[in-house]
Amino acid sequence: MKKKIFKLFWAWKDDAEERWLSEMAQKGWKLHNFQWGLYTFEKIKPSTYIYKLDYKYTQNNDMEEYVSIFEDAGWEHVDQFYGWHYFCVKEDQSLAAPDIYSDIDSKVQKYKVLSNILSYVTLILIIITLTVFMRPKYDFIEVIRWVYFLLIGFNLFAVTHLRLKIKKLKNSLI
């Protein structure tokens with residue numbers, strides 16, 4: 001039996017998404033697939049799974065090697081979506097909860113990459129918005145302008161939060 005749930009998480013809220021996926025497994029639903037905010041779960045016996053997300057912004061030429069590194073450490077690769085990779089492992093009560101990152105610098109690097117990508121996208125949106133402003137005033141152009149302003153706002157919001165998370169992680173090193 002399968003179940004679909006639509007839910008959105010910000011990029012810097014990956015830890016909240018991981019907790020939610022673990023809670024779903026405890027309720028008997030294991031993640032099967034993810035696309036555009038739509039989670040597809042398959043019915044399982046309620047179990048304690050730990051989910052972790054990783055962001056890999058490179059071509060998938062080395063995908064087999066990338067996944068095998070995680071599998072060698074005991075992680076199951078569940079799915080991938082635009083650079084985000086979903087991993088899970090059944091929790092072993094005798095061991096501490098595992099993490100896919102061995103150090104904070106790796107986590108910081110993940111958020112830096114995400115922040116840089118969103119900064120570039122924001123810059124492109126600003127350039128496109130400026131070209132739209134140079135067009136004559138038509139009603140549909142006005143709508144497009146507001147859409148671009150909203151996209152720029154969302155991206156700036158995301159970049160700010162990602163950079164705050166980076167700062168928080170770096171401060172935890174001290």
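Q: Two strands pair if DSSP finds at least two bridges between them. What makes strand E2 (residues 29–35) and E3 a pair?
A: In this predicted model, 6 bridges join E2 to E3, so the condition for pairing is met. The strands run antiparallel, and one of the bridges sets asparagine 33 opposite threonine 40 in E3. A hairpin results, with 2 residues between E2 and E3, and tryptophan 36 in the turn has a positive phi of about 50 degrees.

A: A word on the ground rules: residues are numbered from 1 along each chain as its sequence is written. As the model is predicted, local features need pLDDT of at least 70 and side-chain atom pairs count only at pLDDT 80 or more, while totals for chains, interfaces and linings use all residues; side-chain values use heavy atoms, with hydrogens and water left out.

Q: How do you know that strand E1 (residues 2–6) pairs with strand E3 (residues 38–43)?
A: DSSP gives 5 bridges between E1 and E3, in the antiparallel sense. Isoleucine 5, for one, has tyrosine 39 of E3 as its bridge partner.

Q: Why are strand E4 (49–55) and strand E5 (76–81) said to stand at the edges?
A: Each has a single partner strand, so one side of each lacks a neighbour in the sheet. The open sheet has 3 strands in the order E4-E6-E5, with antiparallel pairing. Its twist averages 20 degrees from one strand to the next, where axes are lines fitted to C-alpha atoms (for helices over the stretch in contact) and angles run from 0 to 180 degrees between N-to-C directions.

Q: What makes H1 count as a helix, and how does its span compare with what 13 residues should give?
A: A helix is a DSSP run of H or I with at least four residues, a strand a run of E with at least two, both numbered from the N terminus. H1 has 13 residues, and at 1.5 Å a residue these should span 18 Å; the end C-alpha atoms are 19 Å apart, which agrees. The expected span is 1.5 Å times one less than the number of residues.

Q: Which residues of H1 are called buried?
A: Asp14, Glu17, Glu18, Trp20, Leu21, Ser22, Met24 and Ala25 are, the term meaning under 20% relative accessible area (1.4 Å probe, protein chains only), with exposed over 50% and partly exposed in between.
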